[in-house]
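Student: I would like to take one part of this model and go through it slowly, with its surroundings brought in step by step. Please keep the account connected, so that each part leads into the next.

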Amino acid sequence: MTHTLSTRQVCAFAFVAFSAPAVTVCASLPWTWVLPASTASAALAALAVRLWRNSGASSLAAAIRELRGGAALLVLTALFAVLVMHRFGRMALGAFPDDPPTAFLPLTLLAVCAWACAKSRAAVLRAVGVASFFVLGAYAAIAAFALPDIEPMRLYAVRGGEPWRLGVLLTPLFALFLVHREDRKVRSVWRWTPLFVLFPTASALLCTLVPGADGSFYTMAKSVEVLSVAQRVEPLVSAVMTVGWFAAVCLTALTVGEIGGTLGGDRRKAAVCAVAAAATCVFGDLPFSPTCYSAGTIILLVVVPLSALLFSAKKVQKKSKQTIDKTVSF
């Protein structure tokens, strides 16, 4: 039985996978940086979906393969996805910052992701789609309970940071690799773009306006009181971020699987092997700066896909023009 995807499923999956990296990075950066960066990344994602719908390629990976050296570009993209997965495994430790870092969390997370990806693309998307209600509701509740603690005078407080870390906002572009031409229900995603803009901006704003946040959403949650009665909301933050990291790892693993399938391999085995390779995150960080990850994201998730989709769309237009010319000549 063929399982097709809908716009709602793809966008819900992309949002959950985007939530944990966005909260982790944007909480420590000025909202005046996050707002334009998230707007640009959401617009790029919507543009990529529109170009894909107008192209004749069966999938994004197939469109990239049609380029000169396309197979090599796909291999580079798969390797980069494994590096990103490795990084996500290390960043997942931030979901429990009060506990000493151990290999238990990333290994358990990666094991569950490998098991999920071994099922099917549709099974993972359905599971994360259900979890998206919990994720969105939990973050909305934490934000609502934090409102009494905000200090408006801190709105333009001077904050530093590394702007290149904002490349993580392009994480949803991995989801475009999961869409196939038979997924006819995948339409415009413009209705979802406000969520991908508001969520990271709100995270940065909360951690700016709430005193003592110290650039951490988890630390900010420690000062939140529920109806002025109870505290200790940070366990909820840990739970919802763990779900987000699960989705983020699955997203990159499924991307590797789709690339492997396009190159003639088995999709599920490729995804599981990618997760196994990323398990090396328990040995420590790789010697790559946030600048390297952001540069790789821009090149392999923006420049290459957009070029491939534009090339495919032009081929479709050329064929249509030739067909019209033949009809007129006849």
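Student: Which side chain does the side chain of H180 join in a polar contact?

Tutor: The partner is E258: the side chains of H180 and E258 are joined by a polar contact of 2.7 Å. Before this is read further, it should be said that the model is predicted, with a mean pLDDT of 87 over the chain and 90% of the residues at 70 or more. Confidence is highest in α4, at a mean of 95, and lowest in helix α11 (residues 290-329), at 79.

H180 itself belongs to the loop between α6 (121-146) and α7 (193-209), and it counts as buried because its relative accessibility is 11%, where the limit for that word is under 20%. Apart from neighbours within four places in sequence, the residues in contact with H180 are W52, S58, S59, R121, E258 and R267. E258, the partner in the polar contact, falls within α9 (234-262), while R267 belongs to helix α10 (residues 267-278).

One of these contacts, W52, leads to a further polar pair, since the side chain of S55 reaches the backbone oxygen of W52 at 2.8 Å. S55 is placed in the loop between α2 (31-54) and α3 (60-65), and with a relative accessible area of 6% it is buried.

The loop that holds H180 also holds F174, between α6 and α7. F174 is buried as well, at 2% relative accessibility, and its contacts beyond four places in sequence are F80, A81, V84, L251, T252, T255 and L301. The C-alpha atoms of F174 and A14 are 8.1 Å apart in space, although 160 residues separate the two in sequence.

Following R267 instead, one comes to α10, whose twelve residues should span 16 Å at 1.5 Å a residue, and the 17 Å between its end C-alpha atoms agrees with this. At the start of α10, a side-chain oxygen of D266 comes to within 3.1 Å of the backbone nitrogen of R268. The buried residues of the helix are A270, A271, A274, V275 and A278; seen down the axis of α10, they fall within an arc of 135 degrees, so they line one face. The general background is that an α-helix has 3.6 residues a turn, so residues three or four places apart point the same way. The face turned away from the buried side of α10 carries the exposed residues K269, C273 and A276, whereas the cover over the buried residues includes α4 (70-91), α5 (104-119) and α9.

Of these covering helices, α5 contains W115, which is exposed, with a relative accessible area of 56%. W115 and V272 are 157 residues apart in sequence, yet their C-alpha atoms are 7.7 Å apart in space.

In the other direction along the chain, the loop of H180 leads to α7, which has 17 residues and reaches 24 Å from its first C-alpha to its last, close to the expected 24 Å. This helix is mostly covered, with twelve of its 17 residues buried, among them F196, F199, P200, L206 and C207. The elements that cover the buried residues of α7 include α1 (7-26), α2, α6 and α8 (217-222). Between α7 and α8 there is a loop that holds D214, a residue other than glycine whose phi is nevertheless positive, near 55 degrees; at 71% relative accessibility, D214 counts as exposed.

C207 also raises the matter of cysteine pairing. A search of the whole structure finds zero disulfides, and C117, which is in none, has as its nearest cysteine sulfur that of C250, 4.2 Å away. A disulfide would need the two sulfur atoms within 2.5 Å. C117 is buried, at 1% relative accessibility. The sulfur of C207 is 9.6 Å from the closest cysteine sulfur, in C26, which is too far for a bond, and C207 counts as buried at 3% relative accessibility.

To return to the starting point, H180 is a buried loop residue whose side chain is joined to that of E258 by a polar contact of 2.7 Å.

Conventions. Residues numbered from 1 in each chain as written. Predicted model: local features only at pLDDT ≥ 70, side-chain atom pairs only at ≥ 80, totals over all residues. Heavy atoms only, no water. Helix = DSSP H or I, 4+ residues; strand = E, 2+ residues; numbered from the N terminus. Buried < 20%, exposed > 50% of the residue type's maximum accessible area, 1.4 Å probe, protein only. Polar contact = N/O pair within 3.5 Å; in protein donor to acceptor, adjacent residues only side chain to side chain. Contact = heavy atoms within 4.5 Å. Expected span 1.5 Å × (residues − 1). Arc of directions from axis to C-beta. pLDDT = per-residue confidence, 0-100.
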